[in-house]
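Take a walk through this model, helix packing first and ligand surroundings after. Keep the viewer open as you read.

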Amino acid sequence: MLEAIAKADTLIEAMGWIRRFRGKTTVIKLGGSVLDDDNALLHILLDVIFMETVGMKPVVVHGGGKAINRALAEANVEPQFIQGRRYTDDMTLDVVRRVLAGDVNRHLTEEIERLGGRAMNLSVHTTNVLFGERLKLETGEDLGHVGKVTEVDRDVIEGLLYTDQVPIIPSMCEDRDGNLYNVNADTAAMAVAQALGAEKLVFLSDVNGVRLDKDDPNTIIHSLSEAKARELIASGHIAEGMIPKVEACLETLDRGVGKVHIIDGRLRHSLLLEIYTSEGVGTELFREPPTATA
Ligand SMILES: Nc1ncnc2c1ncn2[C@@H]1O[C@H](COP(=O)(O)OP(=O)(O)O)[C@@H](O)[C@H]1O
Ligand SMILES: CC(=O)N[C@@H](CCC(=O)OP(=O)(O)O)C(=O)O
């Protein structure tokens, strides 16, 4: 009996948070690292279903870099990255379309349905909602079929949210002529969060947050200002895959998304802990208010 009462207490405690976020959109970015961990993924998807059940509006944008690497290895193709983006030739684009917009996208959708939630896959194989153009690097290097999102079909996404379905969106886009592009999933999530004016954008990765020393979890920075983040990128403390993630966070804050977090997808219920506890988990990025001039 006491145990049941404690459970009821927990529900009552959560009521304030549930009220606060009911009807608000949260964009959740799932990266290759958590997509590859079945146990972590199970608990993330349960959290997503819980959010949807209590009236929040979760939208999932996903990558699948590791699954793409595996499929390329089977075809004896060595992955090639330029400034954190995958060089994407015709053959690689076919793999990205099959693996990311096909297998991974379908798997996530089917898992949510299997666990009792409702989800809809919005990919280039079904209904595409991400439109864009070829990405040109300032250095002039050619990335092949790599794109950036310039337009998001809000109506389709909001239509699903209205009918309590979780949209599942892979990081590919299409241009006006029907050409397909491979998009970095962090930047795709950023574009979706901006277009929807999301309350929150949460990146689920395989680290506990942004760290001062990338190999030491104890050096996590819980609250990171824009100026400090830029300093850490310039000094090399923020490196590799964390660079596009932090840059996407900063650009998102510039465009009116309420809160941006990088959290550990392997920590059980990290998504719920982020939303329903005052301390939160992981790293929250923020912009300093403009300093008043005399
Ligand atoms: N300062 C840092 N703090 C935390 N992680 C960092 C940092 N600098 C580089 N990283 C690396 O960034 C990785 C996360 O980026 P990435 O592998 O692209 O994740 P995902 O697949 O989840 O998108 C971490 O596993 C870590 O190795
Ligand atoms: C252009 C580009 O680099 N696209 C990425 C898209 C997937 C991705 O970003 O996946 P993660 O989030 O798992 O890293 C790629 O081909 O790997």
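Helix H8, residues 226-234, packs against H9 at an angle of about 155°. The two axes lie 11 Å apart. Angles over 145 degrees count as roughly antiparallel. H8 and H9 are therefore roughly antiparallel to each other. Their crossing is left-handed. On the H8 side, the contact is made by Glu 226, Ala 229 and Ile 233. H9 brings Ile 243, Val 246, Leu 250 and Leu 253. By class, the contact of H8 with H9 holds six nonpolar residues, no polar ones and one charged. This is a predicted model, so read every value as computed from it.

H9 spans residues 242-254 and has another partner, helix H7, residues 185-196. Here the packing angle is about 15°, and the axes are 9 Å apart. How do H7 and H9 run, roughly parallel or roughly antiparallel? Angles under 35 degrees count as roughly parallel. H7 and H9 are therefore roughly parallel to each other. The crossing of H7 and H9 is right-handed. H7 offers Asp 186, Thr 187, Ala 189, Met 190, Ala 193 and Gln 194. They meet Pro 244, Lys 245, Ala 248, Glu 251 and Thr 252 in H9. The class make-up of the contact of H7 with H9 is five nonpolar, three polar and three charged residues.

H9 also leads to a ligand. Together with helix H2 (32-35), H9 is among the elements that each supply at least two residues of the shell around ligand 1. In total, 18 residues surround ligand 1. Which come closest to ligand 1? They are Gly 31, Ser 205, Lys 214, Gly 241 and Met 242. Met 242 belongs to H9, which covers residues 242-254. Sorted by class, the shell around ligand 1 has five nonpolar, eight polar and five charged residues.

Now turn to ligand 2. Its surroundings comprise 16 residues. Gly 32, Gly 63, Gly 65, Arg 86 and Ala 185 come nearest. Two or more residues of this shell come from each of helix H4 (65-74), strand S4 (85-86) and helix H5 (90-114). The shell around ligand 2 divides into six nonpolar, eight polar and two charged residues.

Last, the record. An unreviewed UniProt entry annotates residues 24-264 as "domain: Aspartate/glutamate/uridylate kinase". In the model, the end C-alpha atoms of residues 24-264 lie 22 Å apart. That span is 41% helix and 23% strand.

Methods
Residues are numbered from 1 along each chain as its sequence is written. Chains are lettered from A and ligands numbered from 1 in the order in which they are written. This is a predicted model: local features need pLDDT of at least 70, side-chain atom pairs count only at pLDDT 80 or more; totals for chains, interfaces and linings use all residues. A residue is near a molecule or strand if its C-beta atom, placed from the backbone, lies within 6 Å of it. Helices (H or I, at least four residues) and strands (E, at least two) are DSSP runs, numbered from the N terminus. Ala, Val, Leu, Ile, Met, Phe, Trp, Tyr, Cys and Pro count as nonpolar, Asp, Glu, Lys and Arg as charged, and the others, Gly among them, as polar. Axes are lines fitted to C-alpha atoms, for helices over the stretch in contact, and angles run from 0 to 180 degrees between N-to-C directions. Angles under 35 degrees count as roughly parallel, over 145 as roughly antiparallel, 65 to 115 as roughly perpendicular and the rest as oblique. A crossing is left-handed if the near helix is turned anticlockwise from the far one by less than a right angle, and right-handed if clockwise. Two residues are in contact if their C-beta atoms, placed from the backbone, lie within 7 Å. UniProt positions are given in the numbering used here, feature names are shortened, and annotations may be inferred rather than shown by experiment.
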